[in-house]
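Colleague: I should like a close look at a single part of this model, namely its salt bridges. Please describe which side chains take part and where in the chain they lie.

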Amino acid sequence: DNVEWSEEQEASARSKVQENSSQLLPQDKQEEYEVNAKRYWDDFYKIHENGFFKDRHWLFTEFPELAPNRNSSQNGDSVHEFSNKEESNNEGLGSCENGHCSLETRAENQLNLTKSTAKICTEELAPQKYSELNPSNRDYPGSSASYRILEVGCGAGNTVFPILQTNNDPGLFVYCCDFSTTAVDLVQNHAEYDSSRCFAFVHDLCNDQSPFPMPDESLDVVILIFVLSAILPEKMQCIVNRLSRLLKPGGMILLRDYGRYDLAQLRFKKGQCLSDNFYVRGDGTRVYFFTQDELDGLFTTAGLEKIQNLIDRRLQVNRGKQMTMYRVWIQCKYRKP
């Protein structure tokens, strides 16, 4: 845990990134991956279903805001007690060969929204009134709950179901959404899916005209676990702005995502880079690798205040293959004033 990198190791990682990003994909190929983003993620979940990743029971150590008593510490320097079983069932370097080293679910929109969304993201949008989207705004799913959580990019439910299993607070309601229809179907068909405590829905984060089932300022927590990294970098700010509007005053966004020079970034080959620190995997899904400052800029620009922004450098060893893996993750908590 919290492995210190030498100057030589960081220089070597920087050199590998310079090498694997020296050749960018042609623009027409990049546009193809944007247009077909939903299909690539549907295909991913059709292949792996819910057997590829382990449930994340470490969530309650790292994010006590999700636990039943919700006695979260405001100290941003919490000690990590992470389980390495965050990784897939196929642990080891083999599980990272296609860049899928952790549960990552994506929200991408169609190419024809790219330019218009980028323009919208530079402007302050007037919050959409929920009454305009749903006339019966007093009777939305979870309207009677006292504590509401939204997980964005829920995948097959590896975060949602540990929360529902662990937190028996009768006032809890969990929303979860994904860009992939296949992923949402997996959640809804799960044996433990309970519509009285959970609402799963398909949602395109990048489409600002796509309504959420809950009104603004109704959520206590928004969870982003290896999700923001899948979005076209130019669209990230617009998405964080949208999510921040859903939070109650005092509500928080909890994030864990890929950090710069993570193993997955270093293992990309030439010809897989889309733009700086943004890559496409062999299966067509995409991933970005963040710095702490980049994430801080996204959240503070959306009007949130920093509670935690930590970088976690971790050494994992695959004893069977006698190989070492250096992982780099970033964990953030940002609160709405």
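**The salt bridges in their setting**

Modeller: Of the 337 residues in the chain, 55% are buried. The model is a predicted one, and its secondary structure consists of 11 helices and 10 strands. Some context on contacts is useful before the pairs themselves. Counting contacts between residues at least 6 apart in sequence, 79% join residues at least 24 apart. The surface that the chain exposes comes to about 14400 Å², and carbon and sulfur atoms supply 45% of that area.

Within this framework, the structure holds 9 salt bridges. Three of them may be examined in turn, beginning with a pair that involves two strands.

One of the salt bridges joins the side chains of Lys-248 and Asp-220, with 3.1 Å from N to O. Because Lys-248 belongs to strand β5 (residues 247-258) and Asp-220 to strand β4 (residues 219-225), this pair ties together parts that are 28 residues apart in sequence. As to exposure, Lys-248 has a relative accessible area of 21% and is partly exposed. Asp-220, at 16% relative accessibility, counts as buried. The cut-off matters for reading these two values, because buried means under 20% relative accessible area.

A second pair consists of Arg-327 and Asp-262, whose side chains meet in a salt bridge at 2.8 Å, again taken from N to O. Here too distant parts of the chain are linked: Arg-327 lies in strand β10 (residues 323-335), whereas Asp-262 lies in the loop between β5 and α10 (263-266), and the two are 65 residues apart. Arg-327 is buried, with a relative accessible area of 0%. Asp-262 also counts as buried, at 0% relative accessibility.

The third pair is formed by Arg-314 and Asp-312, where the N to O value of the salt bridge is 2.6 Å. Arg-314 counts as buried at 1% relative accessibility, and Asp-312 counts as buried at 0%. This pair does not stand alone: salt bridges that share partners join Arg-256, Asp-312 and Arg-314 into one network.

To draw the part together, the salt bridge of Lys-248 and Asp-220 brings a partly exposed lysine to a buried aspartate. In the salt bridge of Arg-327 and Asp-262, the arginine is buried and the aspartate is buried. The pair of Arg-314 and Asp-312 belongs to a network that also includes Arg-256.

Definitions and conventions. Residues numbered from 1 in each chain as written. Predicted model: local features only at pLDDT ≥ 70, side-chain atom pairs only at ≥ 80, totals over all residues. Heavy atoms only, no water. Helix = DSSP H or I, 4+ residues; strand = E, 2+ residues; numbered from the N terminus. Buried < 20%, exposed > 50% of the residue type's maximum accessible area, 1.4 Å probe, protein only. Contact = heavy atoms within 4.5 Å. Areas by Shrake-Rupley, 256 points an atom, 1.4 Å probe, with all protein chains shown as cover. Salt bridge = Lys/Arg side-chain N within 4 Å of Asp/Glu carboxyl O.
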